[in-house]
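Here's a quick tour of a model, with an eye on rings, cores and odd backbone angles. Have the viewer open and follow along.

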Amino acid sequence: MRPIAMVCGFCRVLAYAALLTGSAAPLLAQPPQSHAPAVPSPGLGTGQRRSDPTIDQGRPAQTSPDPIIALVEGHPIYLSQLGRATRDLPENLRGLPFDTLYPVLLDRIVDHEALVTMARRGGLEDRPDVQEEIQAATGRILEGAYLSQEASPKVTEAAIQARYNRQFADRPAAEEVRARHILVASEGEARKVLDDLRKGADFATTARVLSKDPDGARGGDLGFFRREQVWPGFGDVAFSLQPGQLAPDPVKNEFGWHIIKVEEKRLVAPPGYSEAHDQLQQELLSAAVAQTVEQARAQLSIRRFNLDGTTLDTGPKLKIGSSAGPPAE
């Protein structure tokens, strides 16, 4: 095991890298309940000072359930901030004991506050480019907060269960086929290839040499698919064959002529609820976010313009209210 000092140093390097690349996540997580209070402290934005008569330049009197753990130029840093900083840590470091991480995270927050204080002293927050970045960051935070408030509550376990019931519950196992194909330009060429295959030519090798489709590099292997996942003419032929069989005739579509061989067939049962849960949750969240955006736009006057200043809109966009309901689940 590496020495703790080495782990801590690595942690600080990663934290700074995240800060400098703009990838540091907002400090939103609470520390483990065994080490910190459950109630987050309000008003902890950078540079903001909480009114607390117990604070001086020495040791603060710890009467709050959210104790002060450092002072930078009199600006208090609270234990709840330390807990929120754990979100910036790599996953492999989050499992370390809180007592081990405590000095590392505390130094990270102190370093951050020291740099912010020096930037303010130097008047950097008044620079136009910095003001633009501050406003952009504020906008991103507000956007996330609004979506969290309006969209996230719609993604309930009941909604996930309802979507699962509709898509998967009580459905029979689905048949899937694994097939190969060779795509050529003409019927005459297709029938010659088919004749060669019947005489013993290797399908995969022939596909690599002759097929116009990108799958030819894989020997024409399409993997497993369901009937509805391919165009009907191809699917009808593929699902009529048994493993090892060649289609008796080439099949034509807009891309050319296909020679088809089925390799395997299988029945696939619908996924269980636990297997499908996360994907269904993400689908519901995406739908809820899209609906929230649409509802926001519907309540506002919005005009869009081309680069030459002419209007981009084809009709009035002023709408008051929205009749859209929750995601249809």
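F225 is buried, with a relative accessible area of 5%, and this comes from a predicted model. F239 is buried too, because its relative accessible area of 8% falls under the 20% cut-off. The model has six aromatic pairs. In one of them, F225 and F239 meet edge-to-face, with 6.1 Å from centre to centre and 75° between the planes. That pair ties together distant parts of the chain: F225 belongs to strand β4 (residues 221-225), while F239 belongs to helix α9 (residues 232-240), 14 residues apart. If you zoom out a little, F225 and F239 turn out to share one aromatic cluster with W231 and F234.

There's also a charge-over-ring arrangement to look at. Here the ring belongs to F224, and the charged end of R266 sits over that ring, 3.6 Å from its centre.

Now for the nonpolar side of things. Which residues touch the most other members of the largest nonpolar core? They are I69, I77, L82, L105, L106 and I109, out of 13 residues in that core. At least two residues each are supplied by β1 (68-72), α2 (79-84) and α4 (98-121). The largest share, five residues, is down to α4. Take L105 as a sample: leaving aside neighbours within four places in sequence, L105 is in contact with L82, A85, T86 and L89. Apart from this core lies another one, of eleven residues, including A179, V251, I260 and V262.

Last stop, the backbone. Most residues other than glycine have a negative phi. Two residues here go the other way, and the table puts them side by side.

| Residue | Phi | Loop | Relative accessibility |
|---|---|---|---|
| E73 | about 55° | between β1 and β2 (75-78) | 48% |
| D170 | about 65° | between α6 (157-167) and β3 (174-184) | 84% |

Neither name is a glycine: E73 has its positive phi despite that, and so does D170. Are these loop residues buried, partly exposed or exposed? E73 counts as partly exposed, because its 48% lies between the 20% and 50% limits. D170 counts as exposed, because its 84% is over 50%.

If you're picking views to save, the F225 and F239 edge-to-face pair and R266 over the F224 ring cover the aromatic part, while L105 with L82, A85, T86 and L89 gives you a view into the largest core.

Note on methods. Residues are numbered from 1 along each chain as its sequence is written. This is a predicted model: local features need pLDDT of at least 70, side-chain atom pairs count only at pLDDT 80 or more; totals for chains, interfaces and linings use all residues. Side-chain values use heavy atoms; hydrogens and water are left out. A nonpolar core is a set of buried Ala, Val, Leu, Ile, Met, Phe, Trp, Tyr and Cys residues joined through side-chain atoms within 4.5 Å. Buried means under 20% relative accessible area, exposed over 50%, partly exposed in between (1.4 Å probe, protein chains only). Helices (H or I, at least four residues) and strands (E, at least two) are DSSP runs, numbered from the N terminus. Contact means heavy atoms within 4.5 Å. Rings of Phe, Tyr and Trp (its six-membered ring) pair if their centres lie within 6.5 Å; planes under 30 degrees apart count as stacked, over 60 as edge-to-face and the rest as tilted. A charge sits over a ring if NZ of Lys or CZ of Arg is within 6 Å of the ring centre and within 35 degrees of the ring normal.
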